[in-house]
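Okay, thanks for squeezing me in today. I'll put the model up and then talk through how its pieces pack against each other.

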Amino acid sequence: MLIQAQDIQQVGNAMMNMLHEDELAIINDFYGAVKSKDIEKIDELFKTLLAEVESHFQTEEEMMKQSGYADMQMHKSDHDLMRKKLEKFHKRWEVLKGPKEVQGFLEKDFKKWYTGHVSKWDAQTAPHIA
Ligand SMILES: [Fe+2]
Ligand SMILES: [Fe+2]
C-alpha cells in the first residue's frame, strides 16, 4: 500500500473527500502492480489512474470556477504540475516499461505531493466551494 486512508486529510467538502477516497483504491492497486512488476496490469492501471486523476482535478476546478474561488489559479497550477509529471512518466513507461522508475516516482514524489496537496490546497479550498 502506497497511501493509507488516514494519510489523507479529510476536508470540509463531501464531494472532494469522495473523490480522494475513490482514487485512493486505484492508486494502491496501481502501486501493487508496479511493485510486483506486472507489466500488463501496470499498462492498464496507469491509464485508469490518469483518467481518474484528470476527472478528480477537473471536478475540483469546475467547482472552484462555479464558486468564483479567488485562488483557483494557484490551486490549478499545483494540479498542472502533477498532470505534467504523470504525463511524462506515462510516456517514459510506454517506451521503457520500467517498473522501478515508476515505483521511485510514486514513493518519492507522488505520495508526498498527493497528501501535501490535499492538506494545503484542497483543505484551504473546501469551505469556499459548493
Ligand atoms: Fe483533491
Ligand atoms: Fe486539488
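So, α1 passes α2 in a left-handed crossing. This is a predicted model, by the way. Helix α1 covers residues 14-35 and helix α2 covers residues 39-67, and their axes come within 9 Å of each other, crossing at roughly 160°. Angles over 145 degrees count as roughly antiparallel, and therefore that is the label for α1 and α2.

Who makes that contact? On the α1 side you've got Met16, Leu19, Glu23, Ile26, Ile27, Asp29, Phe30, Ala33 and Val34. Facing them from α2 are Lys41, Ile42, Leu45, Phe46, Thr48, Leu49, Glu52, Val53, His56, Thr59 and Glu60. If you sort the residues of this contact by class, you get 12 nonpolar, 3 polar and 5 charged.

Okay, next pair along. α2 and α3 pack at about 170°, and here the axes are 11 Å apart. That angle is why α2 and α3 also come out as roughly antiparallel, and their crossing is left-handed. From α2 the contact uses Phe46, Leu50, Val53, Phe57, Glu61, Met64 and Lys65. From α3 it takes Met72, His75, Lys76, His79, Arg83, Leu86, His90 and Trp93. The class split for α2 with α3 is 8 nonpolar, 3 polar and 4 charged.

If you're following on the model, Phe46 and Val53 are worth clicking on: they belong to the contact of α2 with α1, and they turn up again in the contact of α2 with α3.

While we're on α3, let me stop at leucine 81, which sits in this helix, residues 72-96. Is leucine 81 buried or exposed? Counting around it, there are 12 other C-beta atoms within 10 Å. The cut-off for exposed is 12 or fewer, so leucine 81 goes down as exposed. And how far is it from phenylalanine 57? In sequence the two are 24 residues apart, and in space they are 12 Å apart, C-alpha to C-alpha.

Last pair: α3 with helix α4, which is residues 99-125. These two pack at an angle of about 165°, axes 11 Å apart, and therefore they count as roughly antiparallel. The crossing of α3 and α4 is left-handed. The α3 residues here are His75, Asp78, Met82, Lys85, Phe89, Arg92, Trp93 and Leu96. They meet Glu101, Val102, Phe105, Asp109, Trp113, His117, Trp121 and Thr125 in α4. By class that contact has 8 nonpolar, 3 polar and 5 charged residues. His75 and Trp93 of α3 are in this list, and they were also in the contact with α2.

Okay, zooming out. The protein chain has 4 helices and 0 strands, so along the sequence you just read α-α-α-α. The C-alpha trace spans about 40 × 25 × 20 Å along its principal axes. For 130 residues, a compact globule would have a radius of gyration near 14 Å, and this chain has 15 Å, so the two agree.

Two more numbers before I hand over. Buried residues make up 18% of the 130 residues in the chain. And if you take the contacts with a separation of 6 or more, 72% of them are between residues 24 or more positions apart. That's it from me.

Note on methods:
Residues numbered from 1 in each chain as written. Chains lettered and ligands numbered in written order. Predicted model: local features only at pLDDT ≥ 70, side-chain atom pairs only at ≥ 80, totals over all residues. Rg over C-alpha atoms; globule rule 2.2 N^0.38 Å. Buried ≥ 20, exposed ≤ 12 C-beta atoms within 10 Å, placed from the backbone. Contact = placed C-beta atoms within 7 Å. Axes fitted to C-alpha atoms, helices over the stretch in contact; angles between N-to-C directions. Parallel < 35°, antiparallel > 145°, perpendicular 65-115°, else oblique. Left-handed = near helix turned anticlockwise from the far one by under 90°. Nonpolar A, V, L, I, M, F, W, Y, C, P; charged D, E, K, R; others polar.
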